[in-house]
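User: Please help me look through this model, starting with side-chain contacts and moving on from there.
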Amino acid sequence: MDSVKHYCGVVGIFSQEKSNIPEQLYFPLFSLQHRGQESAGITYVKEERFATFKDLGSVGSVLSHYLNEEHLSYAGIGHVRYSTAGGNLWDNAQPIHITCNRGEIALAHNGNISNADKLRERLSHEGAIFQSTSDTELVLHMLSRSRKIDFFDGITEVLKHLEGAFSMVLLHRDMLIGIRDPLGFRPLYIGQKEGMTMIASETCALDTHEITEYRSVEPGEMVIVTKEGVRSERFNSSPRIAQCVFEMIYFARPDSEIYNQSVHINRKKMGAALAKVDTVEADLVIPVPDSGNFAALGYSQESGVPFDFGLTRNHFAGRSFIQPTKSKREMAVKMKLHPNKETLKGKRVIMVDDSLVRGTTSRTIVKLLRQAGASEVHLRLSSPELHWPCFFGIDVPTRDELISNHKTPDEIAEMIGADSVMFLPIEELEHCVEEPNKFCYACFNGDYPVHVPLKSEGVLKNG
Ligand code: SF4
């Protein structure tokens, strides 16, 4: 499907009593599957050593054998990964587990280190040999090369050299460590229940173990979990916080809380905000399932236009359907979304989706709705127009590929065959989240919160 993609999700568990940690990691990782479907893996403490198992594939296909095995342990970490085209290599699957001068370390990372090219070049000159193309590996190289004797002095030194987004879990000796970058781009939560401490990307992962006592790991905070309990340290502080607003619009699971805010409530607010500024008359509001569900509901509740499901989603249609030719791309959409004819026949339809990238999927969906008898189709997006790439862990295409850099909403409507297209204005989006000044909106307005390598992405060339 034509949408922006996430890079990763992470989980870490520390248990005061030995328990079946691989199995315990399986469930929260499964709940984070939406954050990455291309590889999955875990590292756990096995007697005195670390054991790692990872592979390309979903959590179910890679890790389900752990549901029938018992591995008593007290700590482990896990990871799910999405990769960009060409980058789906086994070597890039996580956790990355190394043995170095400090002993064994395993690391799982959600985000994107925006100065990775510079760091990689420097390390290469110093003779580093890389086993992957992942920016996560750089952290481990830097840690093993640090001259600081104390592990925490070493890690604090390394973290100060990193720019961009990093929510991480790290396993070392008898410790589980959670780290969130100073600007807080990606969410990270820590919770406890009956001797178990869990660190995870979203609260839906904590829910799998019924952990109800939790809090957000703060930007620039490192939490260290040992048998003695949980310790918190600040490794850096930033005057600016830049939580990714796209997590709230689309990526995070709607039943999660991230940045101390409810995802599905904020999504409904975005739909309601769209309805407030919209003037079109319609008979029906439908979502593009599942990404548009809550915004469509919010739109309907605010406008009074009835809500229904005009499209049924086939949950078994995976990425394998995506093919490079136009007709096959259309078929991929048809395999995934089926119009509900009786609901749509003769209706003026408002179709709500989260964002518009290239417009190719929307064109096919609009065609499907018209073939099913809709008399009008108005596309409404619960995000502003996408103009800029992301350097912080989200796969937004280059400026050239983003339709909003070439066409106005009216021109997009003409291209996709809709009667009208409208985006949520950025100032309205800011009203839909709490503490809007603590969010990043760079892919909409180009206001990057840290220095980014614009030239290499062709951004300057394209204006
Ligand atoms: S640029 Fe966009 S997708 Fe990337 S972190 Fe900022 S808001 Fe999120």
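User: What does the side chain of R35 make a polar contact with?
Analyst: Its partner is the side chain of E247, at 2.9 Å; a polar contact here is a pair of N or O atoms within 3.5 Å, where within protein one must be able to donate a hydrogen and the other to accept it, and residues adjacent in sequence count only if both atoms are side-chain atoms. This is a predicted model, in which local features need pLDDT of at least 70 and side-chain atom pairs count only at pLDDT 80 or more, while totals for chains, interfaces and linings use all residues. Residues are numbered from 1 along each chain as its sequence is written, and side-chain values use heavy atoms, with hydrogens and water left out.

User: And which kind of bridge do R35 and E247 meet in?
Analyst: R35 and E247 form a salt bridge, with 2.9 Å from N to O, the rule being a side-chain nitrogen of Lys or Arg within 4 Å of a carboxyl oxygen of Asp or Glu. R35 sits in the loop between α1 (21-31) and β3 (39-46), and E247 belongs to helix α7 (residues 245-251), so the pair ties together parts that are 212 residues apart in sequence. Helices (H or I, at least four residues) and strands (E, at least two) are DSSP runs, numbered from the N terminus.

User: Is R35 buried or exposed?
Analyst: R35 counts as buried, at 1% relative accessibility, and E247 is likewise buried, at 0%. Buried means under 20% relative accessible area, exposed means over 50%, and partly exposed lies in between (1.4 Å probe, protein chains only).

User: How many salt bridges does the structure hold?
Analyst: There are 18 salt bridges in the structure. One of them joins the side chains of E104 and R49, at 3.1 Å from N to O. That pair links distant parts of the chain, with E104 in strand β7 and R49 in strand β4 (residues 49-56), 55 residues apart. E104 counts as buried, since its relative accessibility is 10%.

User: What about R240, where is D447 relative to it?
Analyst: R240 and D447 form a salt bridge in which the closest N and O atoms are 3.6 Å apart. R240 is in the loop between β14 (229-234) and β15 (243-244), whereas D447 is in the segment after α15 (442-445), so this pair ties together parts that are 207 residues apart in sequence. Salt bridges that share partners also join R35, R186, E202 and E247 into one network. As for exposure, R240 is partly exposed at 29% relative accessibility, and D447 is partly exposed at 40%.

User: Switching topic, how is the chain divided into domains?
Analyst: Domain 1 covers 5-239 and domain 2 covers 264-433 + 452-457, with bounds that come from an automatic or database domain assignment. Their C-alpha centres lie 34 Å apart. Domain 1 gives 14 residues to the contact and domain 2 gives eight residues, contact meaning heavy atoms within 4.5 Å.

User: What area is buried between domain 1 and domain 2?
Analyst: The buried area is about 980 Å², of which carbon and sulfur atoms give 51%; that is the accessible area (1.4 Å probe) that two parts lose on being put together, summed over both. The rule finds zero salt bridges across the interface of domain 1 and domain 2, but two residue pairs are in polar contact, both at pLDDT 80 or more. On the domain 1 side that touches domain 2, the elements giving two or more residues are β1 (5-6), β7 (103-113) and β8 (164-172).

User: Now helix α4, why is it largely enclosed?
Analyst: Helix α4 (residues 136-145) has eight of its ten residues buried, so the rest of the structure largely encloses it. The buried residues include L138, V139 and L140, along with E137 and H141. The buried residues of α4 pack against β6 (96-100), β7, α3 (116-125), α5 (151-161) and β8.

User: Which residues does a cis peptide bond join?
Analyst: One such bond joins Q94 and P95, with omega about 10°, and P95 is in the loop between β5 (72-81) and β6. Another joins P289 and D290, with omega about -5°, and D290 lies in the loop between β18 (284-287) and α9 (293-303).

User: What phi does Y259 have?
Analyst: Y259 has a positive phi of about 50° although it is not a glycine, and Y259 is buried at 4% relative accessibility. N260 also has a positive phi, of about 65°, but N260 is partly exposed, with a relative accessible area of 44%. N260 is found in the loop between β16 and β17.
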